[in-house]
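Biologist: Please take me through this model, beginning with the salt bridges.

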Amino acid sequence: GNAMVPTFGIDLAEALDASAKGAINAYFNLNLPPDAGNFFRGGLLNVSELSWTAWNPAHVDRGSTLVNFRSGENGHVPRRPGPAATSVLWVTSEADGTGSPRVHASVRREILNAEDARPVWINGILHVVFIRYRRRQAKQVWLARLEDPYREVLLSYANSTSSEGNWLPFEYAGQLYVSYKLCPHRVLAVNVTTGICTLAYETNRIGCNLRERGSASGMGQLLGENALGLGHFKRYAHYRHFFFERASEPPFPILRASDEFRFPTPFEDNVLQPLRKSGQALPSTISDKHIQFALSLRRSPLQSGTVLAPPTAVHAAPVTEDGNTRSGCAGRDFGDLVADVGAADLMGFTTRIERGTFCSFTGWCECGLNATYGSALSPALPGRPSLSRPAVSHEPSPLHSVVAAGREPSPLHSVLAGGR
């Protein structure tokens, strides 16, 4: 049960600040209606009073956030089109130009009939990969260029299922890739013009779980040169997350994954449990004890760099007193982490995971970690398997049969790496 799974996250705050909420209200010509943040503050008890809800935030950069949006039950906002009646809002904010600490926020774009947008920079231009419902329980994955000229294209893959989602985008050498599956790690190359996706690489991590799903593409250059991402399990509508480490060079194997954990549950703990104890009846679906979902993982704002900043020139890493470069000493290469989490499909919040907590939980912060794929990796910590050099094999993965030869035009790789 959830009681056996650790919970990580401190300093909870709403993902949308007052200026961002004001921008959404202005976009829909509303005059400061109640929003789901009142639940977080314990000031609103009736969901039917809401004019709108916004959840599953994804951080783009400072002052720029993507968020799912749905009109509320009070009728102040017209129902959004599509089977799920949802859209994605791109909310941006900047200084007002007067020198005051005030900021001006606006809804820069609304993507209709859309959910769960994951941002990715392609050659310095901001794009998002998002889902769109064709009908109930049937989703497609789309790519959109957010900046003008806006365009979107359906992503198609020959071996896709009737309902797709949780594709994790990342860029390498100007090419867009997506992690289609985590176990085995199936990486598709995306043609951003046609939307056609082809199998580029498939690697297998010994001991991986076929039920692993993608959550956040994560941060590059955190664990040395590797990316740190988030995955999740969904069991009987209960969500649990885990960290994973992905190599930054082809074939992009997932080198290791952490144990499962959960994020805090501000609704359940601070609002719903007291109400239930008082005898008030509440819809069972209003709970972040079951539904919590993280679309982005990033460094704390106090740290340099952000998850999705456009690529810049690479400079030599500073050398520490003990002779290690900071890019090769993962325990010193980053500070705290911030996750952007959707709670109960009602609101989004941010929470901070302290570096010490992350390091203690994963055991991944040992110095000397060389993150380049194929290099000698760090020794094992007590009780954890060592990460030996991955052995490359062109044989099909033992846990998952590969696509028959000739059906995919891209090369197929199967890599056996160390397990959890």
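Biologist: How many salt bridges does the count come to?

Modeller: This is a predicted model, in which local features need pLDDT of at least 70 and side-chain atom pairs count only at pLDDT 80 or more, while totals for chains, interfaces and linings use all residues. Residues are numbered from 1 along each chain as its sequence is written, and side-chain values use heavy atoms, with hydrogens and water left out. A salt bridge is a side-chain nitrogen of Lys or Arg within 4 Å of a carboxyl oxygen of Asp or Glu. By this rule the number of salt bridges is 11.

Biologist: Which residue forms a salt bridge with Glu260?

Modeller: The closest N and O atoms of this salt bridge are 3.5 Å apart. The pair links distant parts of the chain, since Glu260 is in the loop between β18 (254-257) and α3 (266-277), whereas its partner, 20 residues apart, is in strand β17 (residues 238-246). Helices (H or I, at least four residues) and strands (E, at least two) are DSSP runs, numbered from the N terminus. The partner of Glu260 is Arg240.

Biologist: Are Glu260 and Arg240 buried or exposed?

Modeller: Buried means under 20% relative accessible area, exposed over 50%, and partly exposed in between (1.4 Å probe, protein chains only). The relative accessible area is 19% for Glu260 and 17% for Arg240. By this definition Glu260 and Arg240 are buried.

Biologist: How many residues apart are Asp340 and Arg298?

Modeller: The side chains of Asp340 and Arg298 meet in a salt bridge of 2.9 Å, taken from N to O. Distant parts of the chain are linked by this pair, with Asp340 in strand β20 (residues 337-343) and Arg298 in strand β19 (residues 292-299). Their separation in the chain is 42 residues.

Biologist: What is the relative accessibility of Asp340?

Modeller: Its salt-bridge partner Arg298 counts as buried at 11% relative accessibility. Asp340 counts as buried too, and its relative accessibility is 3%.

Biologist: Which residue is linked with Asp336 and Arg352 in a network of salt bridges?

Modeller: Arg352 and Asp336 meet through their side chains in a salt bridge of 2.5 Å, N to O. Arg352 is in strand β21 (residues 347-353) and Asp336 in the loop between β19 and β20, 16 residues apart. Asp336 is buried, with a relative accessible area of 19%. The further member of the network is Asp11.

Biologist: Which side chain is joined to that of Arg80 by a polar contact?

Modeller: Arg80 lies in the loop between β3 (64-71) and β4 (87-95) and is buried, with a relative accessible area of 11%. A polar contact is a pair of N or O atoms within 3.5 Å; within protein, one must be able to donate a hydrogen and the other to accept it, and residues adjacent in sequence count only if both atoms are side-chain atoms. The side chain of Arg80 reaches the backbone oxygen of Pro78 at 3.1 Å. At 3.0 Å, the side chain joined to that of Arg80 is Glu110.

Biologist: Which residues of helix α4 are buried?

Modeller: Helix α4 spans residues 355-362, and Gly356 and Ser360 are exposed on the other side from its buried residues. What covers the buried residues includes β16 (226-235), β17, β20 and β21, where contact means heavy atoms within 4.5 Å. The buried residues of α4 are Phe358, Cys359, Phe361 and Thr362.

Biologist: What is the order of the strands in the open sheet?

Modeller: Two strands pair if DSSP finds at least two bridges between them. β6 and β7 (residues 125-135) pair over 6 bridges, β7 and β8 over 8 bridges, and β8 (residues 138-145) is joined to β9 by 4 bridges. The pairing is antiparallel, and the order of the 4 strands is β6-β7-β8-β9.

Biologist: Which strands stand at the edges of this sheet?

Modeller: A strand at the edge has a single partner strand, so one side of it is left without a neighbour in the sheet. The edge strands are β6 (115-122) and β9 (151-154).

Biologist: Which residue takes a positive phi in the hairpin of β7 and β8?

Modeller: In the hairpin of β6 and β7, with 2 residues between the strands, Asn123 takes a positive phi near 50°. The hairpin of β7 and β8 has 2 residues between its strands, and the residue with a positive phi, near 65°, is Gln137.
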